[in-house]
Amino acid sequence: MSKTIFISQPMGGLSDEQVLQERAAAISKAKALLGEDVAPLETFFDDFGPAAKPLDYLARSIEFLTKADVAIFAPGWQNARGCRIEHQCAEDYGIPVMEV
């Protein structure tokens, strides 16, 4: 059985294509480090309207984090406010954390 993973990655200033490329890289690294197949939660949200605020995205991300076996943090997460909050939530609520 595969582990359900949550991907936290910086997105500010990146195109959707760049975000998806970095997401794919993080998933590959997680598979290698865990030594098993993974089931990534779909946390690339594209259904918010133009009036959406960063907090809208973060709120939904935390909802998805609750379903994860492992939270994966991509390079640069320490410099992204949302990623830092997700990391703190994972630690405080006992979700294993892995940096890739």
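How many disulfides does a search of the whole structure find? The search finds 0 disulfides in this predicted model. The legends below take up the cysteines, the sheet, the helix beside it and the cores.

**View 1. The cysteines C83 and C89.** A disulfide is a covalent bond between the sulfur atoms of two cysteines. The cysteine sulfur closest to that of C83 belongs to C89, and because the distance is 12 Å, it is too far for a bond. A pair counts as a disulfide only with its sulfur atoms within 2.5 Å. C83 is buried, with a relative accessible area of 4%. C89 is buried as well, with a relative accessible area of 19%.

**View 2. The open sheet of 4 strands.** Strands of a sheet pair through backbone hydrogen bonds, either parallel or antiparallel. In this sheet the pairing is parallel, and the strand order is 2-1-3-4. Strand 2 (38-40) and strand 4 (97-99) stand at the edges; each has a single partner strand, so one side of each lacks a neighbour in the sheet. On average, neighbouring strands are turned by 35 degrees against each other, direction ignored.

**View 3. The pairing of strand 1 with strand 2.** Strand 1 (residues 3-8) runs parallel to strand 2, and 3 bridges join the two. Which residue of strand 2 is the bridge partner of I5? That partner is P40.

**View 4. Helix 1 on the sheet.** Helix 1 (residues 16-34) packs on the sheet and touches strand 1, strand 2, strand 3 and strand 4. The direction of helix 1 makes about 140 degrees with that of strand 1.

**View 5. The largest nonpolar core.** In soluble globular proteins, nonpolar side chains tend to be buried together. The largest nonpolar core of this model has 12 residues in all: F6, L41, L65, A68, A71, F73, W77, A80, C83, C89, A90 and I95. Strand 3 (70-73) and helix 3 (81-92) each supply at least two residues of this core. Helix 3 contributes the largest share, 3 residues. Both cysteines of View 1, C83 and C89, are members of this core.

**View 6. The surroundings of A71 and a second core.** Which residues does A71 touch, not counting residues up to four places away in sequence? A71 touches F6, L65, A90, I95, P96, V97 and M98. A second, separate core has 11 residues, including A30, V38, A74 and M98. M98 is thus named twice here, as a contact of A71 and as a member of the second core.

Notes: Residues numbered from 1 in each chain as written. Predicted model: local features only at pLDDT ≥ 70, side-chain atom pairs only at ≥ 80, totals over all residues. Heavy atoms only, no water. Core = buried A, V, L, I, M, F, W, Y, C linked by side-chain atoms within 4.5 Å. Buried < 20%, exposed > 50% of the residue type's maximum accessible area, 1.4 Å probe, protein only. Contact = heavy atoms within 4.5 Å. Pairing = 2+ DSSP bridges. Axes fitted to C-alpha atoms, helices over the stretch in contact; angles between N-to-C directions.
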